[in-house]
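User: Please take me through the fold and the aromatic contacts of this protein. Keep it brief.

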Amino acid sequence: MVLIHSNKDTFYNDFECVTGVLFNKYPNPYVKHILSIDTIDRHRSNDGNKLFTTRLIRKQGKLPIWVSYIIGASGGSKINESWLVEYSVVDRSTLTMKTCIKNLDHVKLLQVEERTTYQWNNELKATQVNSRVTFSCNAIQQLSLKEKIENMAKSKFEESMKRSRLGMSLVMQRIEAMRQEQI
């Protein structure tokens with residue numbers, strides 16, 4: 001079984017601002033659990049319209065102690081850090097950005113994959129956001145426990161997503177304020 005979470009949002013900022021914020025949204029006061037982000041690869045398509053980026057993200061977050069036993073951490077040690085990989089493609093010709101973020105560790109227990117599309121809507125003069133996140137517990141065969149783990153992950157993710165959107169809004173406000181100062 002796979003648990004799916006979908007989310008839609010609209011940012012009343014231009015596409016350039018939104019995509020710029022996505023690459024520069026950390027640090028911000030709403031998302032303190034991101035410890036570091038390293039760009040592994042960045043290149044353009046041959047026609048120059050698409051920008052491909054791969055980033056490695058290290059985040060902090062405490063997993064429940066019982067998770068340590070399931071994934072085989074020695075002696076039930078606490079796990080305080082996790083690694084994610086983020087793939088993104090920005091297409092200037094269609095004013096679309098697509099991202100895929102997934103965990104690199106603890107996949108024996110749970111695979112989380114977030115796919116998001118940021119699309120400029122010229123009629124609304126806004127960037128529309130559609131996210132789809134899948135939570136798939138792999139290690140547990142017992143259905144009720146599997147559902148509990150997936151629901152716990154979804155609940156934590158929803159809280160994190162709210163803070164992330166607040167942080168993005170804050171950074172976009174800063175960018176808009178700087179733009180106004182330049183005018």
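Analyst: The turns below cover the fold, the surface and the ring contacts of this predicted model.

User: In what order do the elements of the protein chain run from the N terminus on?

Analyst: The chain has three helices and seven strands. A strand comes at the start and a helix at the end. From the N terminus on, the order is β-α-β-β-α-β-β-β-β-α.

User: What share of the accessible surface belongs to carbon and sulfur atoms?

Analyst: Of the 183 residues, 39% are buried. The accessible surface of the chain comes to about 10,800 Å². Carbon and sulfur atoms hold 51% of that surface.

User: Is the aromatic pair of Phe135 and Phe157 stacked or edge-to-face?

Analyst: The count comes to one aromatic pair. The ring centres of Phe135 and Phe157 are 5.8 Å apart, and the planes meet at 75°. An angle over 60 degrees is the cut-off for this class, so the pair is edge-to-face.

User: How many residues apart in sequence are the parts that this pair ties together?

Analyst: Phe135 lies in strand β7, residues 126-137. Phe157 lies in helix α3, residues 143-182. The pair therefore ties together parts that are 22 residues apart in sequence.

User: Is Phe157 buried or exposed?

Analyst: Its partner Phe135 has a relative accessible area of 0% and is buried. Phe157 has 16% relative accessibility. Buried means under 20%, so Phe157 counts as buried.

User: Over which ring does the charged end of Arg42 sit?

Analyst: The charged end of Arg42 is 4.8 Å from the ring centre. The ring is that of Phe23.

Methods:
Residues are numbered from 1 along each chain as its sequence is written. This is a predicted model: local features need pLDDT of at least 70, side-chain atom pairs count only at pLDDT 80 or more; totals for chains, interfaces and linings use all residues. Side-chain values use heavy atoms; hydrogens and water are left out. Helices (H or I, at least four residues) and strands (E, at least two) are DSSP runs, numbered from the N terminus. Buried means under 20% relative accessible area, exposed over 50%, partly exposed in between (1.4 Å probe, protein chains only). Accessible areas come from the Shrake-Rupley method with a 1.4 Å probe; for residues, only the protein chains shown count as cover. Rings of Phe, Tyr and Trp (its six-membered ring) pair if their centres lie within 6.5 Å; planes under 30 degrees apart count as stacked, over 60 as edge-to-face and the rest as tilted. A charge sits over a ring if NZ of Lys or CZ of Arg is within 6 Å of the ring centre and within 35 degrees of the ring normal.
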